Amino acid sequence: MAKTTKTVPLNKKTVTKSEAKIPLHLTKQHKIVFGALLVLFSVALLFAFVSFFIFGQQDQSAVQELTNRSEIVQNWLGKFGAFLADLLIYKGFGIAAFIFVRLFFLSGIYMVLGISVRKLKTIWFWDLFVIIILSVLFGFFATSAPELGGTIGYELNLFLQDYIGKPGTLLILLFGLIIYVIFKIKLSPESIQSFFENTKKEIKAVAIPTPFNNKKGDYNLEEFAVAEEELDTIHIKTNGSQFEINKEALKPTISHSSDINRDPIAKPLAMEVTPIAAPEIISNPLDTFVIETAPEEDIIEENLASRLVADFGLFDPTLDLSNYKFPTIDLLKEYSTGGITINQEELEENKNRIVDTLRNYKIEIAQIKATVGPSVTLYEIVPEAGIRISKIKSLEDDIALSLSALGIRIIAPIPGKGTIGIEVPNKNPTMVSMKSVIGSAKFQEAEMELPIALGKTISNETFVVDLAKMPHLLMAGATGQGKSVGLNAVLTSLLYKKHPAEVKFVLVDPKKVELTLFNKIERHYLAKLPDMDDAIITDNAKVVNTLNSLCVEMDNRYSLLKDAMVRNIKEYNDKFKARKLNPENGHRFLPYIVLVVDEFADLIMTAGKEVEVPIARLAQLARAIGIHLIIATQRPSVNVITGLIKANFPARIAFRVTSKIDSRTILDTQGADQLIGRGDMLYTNGNDVVRVQCAFIDTPEVEKITEFIGSQKAYATAYLLPEFVGEESGINLDMNISDRDTLFREAAEIIVNAQQGSASLLQRKLKLGYNRAGRLIDQLEAAGIVGPFEGSKARSVNILDMSSLDQFFNNEQNN
């Protein structure tokens, strides 16, 4: 995480230069106007060039006397066109000057459409390179047709001939052509060979039709990325600072929304196919050679897989939704300009107060520098030799008092650095938008299985982690501190990077309002039980069945991995895509499954052990087969986040909590109680604790994304989990007395006293889960204590008082 950055001392001279460099920002309207001007200029230049070759000889005299208005020219663009054509063609580069028409036209189109300037720079470089090569080449014909090469081409040609002769000049031009072909066209012997091989295969495929026409080669997709312009958007309000500011960390993630690729395309599924090994020859001690060969059946299967790959290509799981388009980045809202404004007065004031406070306790500072982040500024101090770190750590409250700021956090020392960090909240924090995080190159180019963009660190870097390597995530924090927004950021990150065939979500929302927007993508990304109406689970009674169903799915997947002789889901899917696993034997492509629980404390209160046991089992075993858990709770107490759960959730996110005890419950260390709220969070994965400002994504943005995905072609149904038959589904009213629950008599006494036969009453009184309370009601019905099920009404109670109940139990014992 640590990044080496160049620090710049802020003296008066440096501040003056920074103030003098005011970045030039063109608005969208300015770019459209300037682009339209370039397009029209390219059209005019084309008219001038074409008419030059028609009327060039007649206009020669007129070019020399541009100020004479009575002079008549034949050029279609008048005197100005005649002058431009004479300058760029006759006195310039000859017929190669027509490439300038293309350059100005493309420049205008790029500015109107808002395409990245970096691509335009590449086009200008290679086109100017071609102009010079062509003008020198046509310079050989200057004596017969001087317009072909122009004056510049003719002079360059003569210059080269004077030193290396005509053969050498031709070799130089040939070398220039080779450079263009290799670096611009990217032509190589391998590409030529593959082109002829593919052409041969296509001819063969047309001649011999096959039942499978969809090849992997038909979907040659390019990965999209966002080009970032390196603009200096640092604005300093006042001068007069004598300490260092980490300036490299203040560059924006994306310079302008118009520079973003608005039509992202899926990254192709690529993998390496291991060739079949040749039989190995092993030396025998008896001076004989024994050739060990694979069994005949294995050879047949390997050869069949190789032929399938050669004929049909790798299996592509996205073919069912081959026209699926990923959500475009302009669906997200930009809440800031992307840059960070430095309040010089605030930095100087905080620095002086920190130094004065430490000096009052006889702690001298050798060096201090600041790294300004979106919401927090990190002051790194190097104390003088002989100062104990624990002494500075104990002054946390004193420094907070002197700075009059909420959320002072001291890191002593900073891991990987020989400094002590003091995190101070900014008076005017900058909001981190989801658009700036999704549009960053770090997220777009992330080579991860399940990349998640959480926000930005103190050094203003996009913070991206891989859910597949966590492998499970625990989120906790007080009410209103950003948990639900954090869950939306996690889900949005996966929607922007993974195809519906590659990941499925199981969403549990006891609040009933936080995750309902994702109903629109049910048939694309969600998973559910076969008998469920809604894919998003809002009834706690159905959560237990879903969790147990995931356990069944986990066991089934491990059986598939065992049959395929692989260790994890990635190896299994690679082998399946290489057509080495037979679908007739039950093998299938396995998508990742992400279980998201928005309020875990409510589940523990209503279902207790019946939820904790399958959650712990999934957390222990489900990593290798691609089932990952994200659990959020607002009550990080030890009876909710138990030791069994914490042991299997090394990755944790802590938003602001109210006490140090809650912070230690989540992170095993304090610090979450010093956060400032509004998305300020601490992330740990078992080692260092990183402070991150969570990216903000509002409900309308999520709604736009889900509508964009939901409007596209989808699967017939949501991803169906295996059906789980719970114990409560098979009610046996002829229950044996020996099979009764240990709480049977206590439950009967509660029912008789309340004269109300309901499972919810037993849940509240005995603190049971739904399943156990339901089994107790079934046993009471079998014993005749309560009546049958009557819909929404409570069951009738057949025993009126406690004395009758005691007599009932005495009769049972006598019998």
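These are my notebook entries on a predicted model of one protein chain.

**Overall look**

I began with the chain totals. The protein chain has 815 residues, and 47% of them count as buried. I found 27 helices and 21 strands listed for it. The exposed area comes to about 42100 Å², with carbon and sulfur atoms supplying 56% of that. I also looked up the contacts between residues at least 6 apart in sequence: 71% of these join residues at least 24 apart.

**Nonpolar patch**

Next I went to the surface. Val43, Leu46, Phe47, Val50, Ile54 and Trp76 make a nonpolar patch of about 520 Å². I picked Val43 for a second look and placed it in helix H2, residues 28–55. Its relative accessibility is 35%, so I logged Val43 as partly exposed.

**Hairpin S7/S8**

Then I turned to strand S7, residues 365–372. Is S7 mostly covered or mostly open? It is mostly covered, with 6 of its 8 residues buried. S7 pairs with strand S8 (residues 376–383) in the antiparallel sense, and I noted 7 bridges for the pair. The two strands form a hairpin, with 3 residues between them. For one bridge I looked up the partners: Lys369 is matched with Glu380 in S8.

**Val490**

I wanted a buried residue to follow up, and Val490 in helix H15 (residues 483–497) served. It counts as buried because its relative accessibility is 2%. Which residues does Val490 touch, leaving aside neighbours within four places in sequence? I got Ile452, Leu454 and Ile630. I also checked Val490 against Pro451: they are 39 residues apart in sequence, and their C-alpha atoms are 8.8 Å apart.

**Helix H18**

For H18 (residues 569–577) I listed the buried residues: Ile569, Tyr572, Asn573, Phe576 and Lys577. They span an arc of only 130° around the axis, so they sit on the same side of H18. I then asked what these buried residues pack against. The partners are helix H17 (540–564) and strand S16 (592–597).

**Salt bridges**

My last stop was charge pairing. How many salt bridges does the structure hold? I have 24 in the log, and I went through some of them.

- Arg102 pairs with Asp127, and their closest N and O atoms are 2.6 Å apart. Arg102 is in helix H5 (residues 98–113) and Asp127 in helix H6 (residues 117–138), so the bridge ties together parts 25 residues apart in sequence. I noted Arg102 as partly exposed because its relative accessibility is 40%; Asp127, at 6%, counts as buried.
- Lys351 pairs with Glu348, with 3.0 Å between the closest N and O atoms. I placed both in helix H10 (residues 344–360), where they are 3 residues apart, about one turn of the helix. Both Lys351 and Glu348 are buried.
- Arg353 pairs with Glu349, and here the closest N and O atoms are 2.7 Å apart. Both lie in H10 as well, 4 residues apart, again about one turn. Arg353 has a relative accessible area of 29% and is partly exposed; Glu349, with 31%, is partly exposed too.

Why would such spacings suit a pair within one helix? An α-helix has 3.6 residues a turn, so residues three or four places apart point the same way.

I closed with a network: salt bridges link Arg409, Glu423, Asp680 and Arg691.

Definitions and conventions
Residues numbered from 1 in each chain as written. Predicted model: local features only at pLDDT ≥ 70, side-chain atom pairs only at ≥ 80, totals over all residues. Heavy atoms only, no water. Patch = residues over 30% accessible without salt bridge, like charges linked within 9 Å, V, L, I, M, F, W, Y side chains within 5 Å. Areas by Shrake-Rupley, 256 points an atom, 1.4 Å probe, with all protein chains shown as cover. Salt bridge = Lys/Arg side-chain N within 4 Å of Asp/Glu carboxyl O. Buried < 20%, exposed > 50% of the residue type's maximum accessible area, 1.4 Å probe, protein only. Pairing = 2+ DSSP bridges. Contact = heavy atoms within 4.5 Å. Arc of directions from axis to C-beta.
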